[in-house]
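This report is meant to be read with the sequence and the coordinates open side by side. It moves from the whole chain to a hairpin, a pocket and a few single residues.

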Amino acid sequence: MKKRSDDSPEGVSRRHFLKGAGAAAAVVTVAKIPSVTEASQEVSDDPVIVGPGSISIRLKINGEIREVEAPPSTTLLDLLREHHAMTGTKRVCDRGSCGACTVLLDGRTIDSCSMLAIDAVGREVTTVEGIGTPENLTDLQKAFVEKDALQCGFCTPGMVVSCTALLNQNPTPDRDQIRQGIAGNICRCGTYQNIIEAVEHASRKGGK
Ligand code: FES
Ligand code: FES
């Protein structure tokens, strides 16, 4: 599985993000549209223009519909962390190169720092908070603990999200496939070997 969705059929890519960011900047002089909803995402000859001020952004996050007021230029990462207090998703590089901000969009991994929140309207966002809880860890999360697959832990939420996506797609990955699955996630502490063992462990248990 390839991280960063430049090859995504949904077209969530750095190029797409930059285009979106450009569009968000372009709306500075344009009049208001109060909210971004699923309906406004439908293809139309009469495109909806939003901003420049805050608008209502309604997203499905971890199975729950959540709505906040935020500028249309808000990234998905900022929306999660600053507006929904979901700080499990980490900001490290803020430029799509480390994977610390990985979340699932319709089940596929994306870097939430490189996507506008309004581009996630009508899609299913899953953060690390939606994958197990401290009281009810997934088999993969338990395996991270058992195999000591972290040091500082800063990359861990993104790693867990990427490995969860990998096991969802391929419950029995080999080592090369695991390496590929976490290729977009950087661990500065160098715990890759333990992470690979954790994924293998979870896989043997038939879990995710
Ligand atoms: S913070 Fe998003 S890829 Fe590094
Ligand atoms: S455990 Fe420190 S960056 Fe991965």
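What follows describes a predicted model, beginning with its overall make-up.

**The chain as a whole**

The secondary structure of the protein chain comes to 6 helices and 6 strands, and these elements follow one another along the sequence in the pattern α-β-β-β-α-β-β-β-α-α-α-α. Of the 208 residues in the chain, 46% are buried. Among contacts with a separation of 6 or more, 56% are made by residues 24 or more positions apart. The chain exposes about 10300 Å², and carbon and sulfur atoms supply 50% of that area.

**The β2–β3 hairpin and the loops beside it**

Strand β2 (55-61) pairs with strand β3 (residues 64-70) in the antiparallel sense, over 7 bridges. One of the bridge partnerships joins K60 to I65 in β3. The hairpin has 2 residues between its strands, and within it N62 takes a positive phi near 50°.

Ahead of this hairpin, I49 is found in the loop between β1 (35-36) and β2. Beyond the hairpin, P71 has its place in the loop between β3 and α2 (76-83). Which residues does P71 touch, leaving aside those up to four places away in sequence? They are G53, S54 and I57. The C-alpha atoms of P71 and S56 are 8.5 Å apart in space, while the two residues are 15 residues apart in sequence. For I49, a C-alpha to C-alpha distance of 9.9 Å is found to P72, which is 23 residues away in sequence.

**The second largest pocket**

The second largest pocket has a volume of about 240 Å³. Its lining consists of 13 residues, and V128, L137, Q141, T156 and V160 are those that lie nearest its centre. Two elements, α3 (139-146) and α4 (156-169), give two or more residues to this lining, and α3 gives the most, with 3 residues. What is the make-up of the lining by class? It has 8 nonpolar, 4 polar and 1 charged residues.

**The C-terminal part**

T191 lies in the loop between α5 (175-181) and α6 (192-204). Not counting residues up to four places away in sequence, T191 touches A149, L150 and Q151. K205 is found in the segment after α6. The C-alpha atoms of K205 and A143 are separated by 9.6 Å, although these residues are 62 residues apart along the chain.

**Accessibility of the single residues**

The four residues discussed one by one can be set out by relative accessibility, as in the table below.

| Residue | Relative accessibility | Class |
|---|---|---|
| I49 | 37% | partly exposed |
| P71 | 30% | partly exposed |
| T191 | 4% | buried |
| K205 | 49% | partly exposed |

Why does T191 count as buried? Its relative accessible area is 4%, and T191 is therefore placed in the buried class, which takes in values under 20%. K205, at 49%, counts as partly exposed rather than exposed because the exposed class requires a value over 50%. P71 has a relative accessible area of 30% and is partly exposed, and I49, at 37%, is likewise partly exposed, so that both fall in the range between under 20% and over 50%.

Definitions and conventions. Residues are numbered from 1 along each chain as its sequence is written. Chains are lettered from A and ligands numbered from 1 in the order in which they are written. This is a predicted model: local features need pLDDT of at least 70, side-chain atom pairs count only at pLDDT 80 or more; totals for chains, interfaces and linings use all residues. Side-chain values use heavy atoms; hydrogens and water are left out. Helices (H or I, at least four residues) and strands (E, at least two) are DSSP runs, numbered from the N terminus. Buried means under 20% relative accessible area, exposed over 50%, partly exposed in between (1.4 Å probe, protein chains only). On a 1 Å grid over the protein atoms alone, a cavity is a set of points where a 1.4 Å probe fits but cannot get out, and a pocket is an open set with protein on both sides within 12 Å along at least five of seven lines; lining residues have an atom within 4 Å of a point. Grid points are joined across faces, edges and corners, and a volume is the space filled by probe spheres set on the points. Ala, Val, Leu, Ile, Met, Phe, Trp, Tyr, Cys and Pro count as nonpolar, Asp, Glu, Lys and Arg as charged, and the others, Gly among them, as polar. Two strands pair if DSSP finds at least two bridges between them. Contact means heavy atoms within 4.5 Å. Accessible areas come from the Shrake-Rupley method with a 1.4 Å probe; for residues, only the protein chains shown count as cover.
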